[in-house]
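Colleague: I should be grateful for a close look at one part of this model, with attention to its packing and to what covers its buried positions. Please give the account as a single connected description.

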Amino acid sequence: MATEEPDDDTLFDLIGAVGAGINASKDEGLPLDVRELAADLAGNTADRLAQFKKTT
């Protein structure tokens, strides 16, 4: 069985965080300010993901 590298863990964590932020930003059951915060966090995390991919 293959062992995941630490970079793989970081990659999957960032991808999961982007997805969670996007999902929360679209959840109409949440207050608008929470959805806006989630969208901002997803955008920031997407930027971190892009930077991560440039350096690995």
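**Helix H2 and its partner H1**

Modeller: Proline 6 is exposed, because its relative accessible area is 59%, over the 50% cut-off. The model is a predicted one, and the values given here are computed from it. Proline 6 belongs to helix H1, and its C-alpha lies 31 Å from that of arginine 35, a residue 29 places away in sequence. Arginine 35 leads to the part I propose to examine, since it is one of the buried residues of helix H2.

H2 covers residues 32–55, 24 residues in total. From its first C-alpha to its last it reaches 35 Å, close to the 34 Å expected at 1.5 Å a residue. Its buried residues are Arg35, Ala38, Ala42, Thr45, Leu49 and Phe52. As a general point, an α-helix has 3.6 residues a turn, so residues three or four places apart point the same way.

The cover over these buried residues includes helix H1, residues 6–26. The axes of H1 and H2 are 8 Å apart, and the two helices pack at an angle of about 155°. That angle is over 145 degrees, and the pair is therefore roughly antiparallel. H1 passes H2 in a left-handed crossing. On the H1 side, the contact is made by Asp7, Thr10, Leu11, Leu14, Ile15, Ala17, Val18, Gly21, Ile22, Ala24 and Ser25. H2 contributes Arg35, Ala38, Ala39, Ala42, Thr45, Ala46, Arg48, Leu49, Phe52 and Lys53. Sorted by class, this contact has 13 nonpolar, 4 polar and 4 charged residues.

Threonine 45, in helix H2, gives a detailed view of the packing. With a relative accessible area of 10%, under the 20% cut-off, threonine 45 counts as buried. Leaving aside residues up to four places away in sequence, it touches Leu14, Ala17 and Val18, and these three residues are among those through which H1 meets H2.

Isoleucine 15 completes the picture from the H1 side. It is placed in helix H1 and takes part in the contact with H2. At 43% relative accessibility, however, isoleucine 15 is partly exposed, because that value falls between 20% and 50%. Its C-alpha atom is separated by 23 Å from that of glycine 29, 14 residues away along the chain.

Definitions and conventions. Residues numbered from 1 in each chain as written. Predicted model: local features only at pLDDT ≥ 70, side-chain atom pairs only at ≥ 80, totals over all residues. Heavy atoms only, no water. Helix = DSSP H or I, 4+ residues; strand = E, 2+ residues; numbered from the N terminus. Expected span 1.5 Å × (residues − 1). Buried < 20%, exposed > 50% of the residue type's maximum accessible area, 1.4 Å probe, protein only. Contact = heavy atoms within 4.5 Å. Axes fitted to C-alpha atoms, helices over the stretch in contact; angles between N-to-C directions. Parallel < 35°, antiparallel > 145°, perpendicular 65-115°, else oblique. Left-handed = near helix turned anticlockwise from the far one by under 90°. Nonpolar A, V, L, I, M, F, W, Y, C, P; charged D, E, K, R; others polar.
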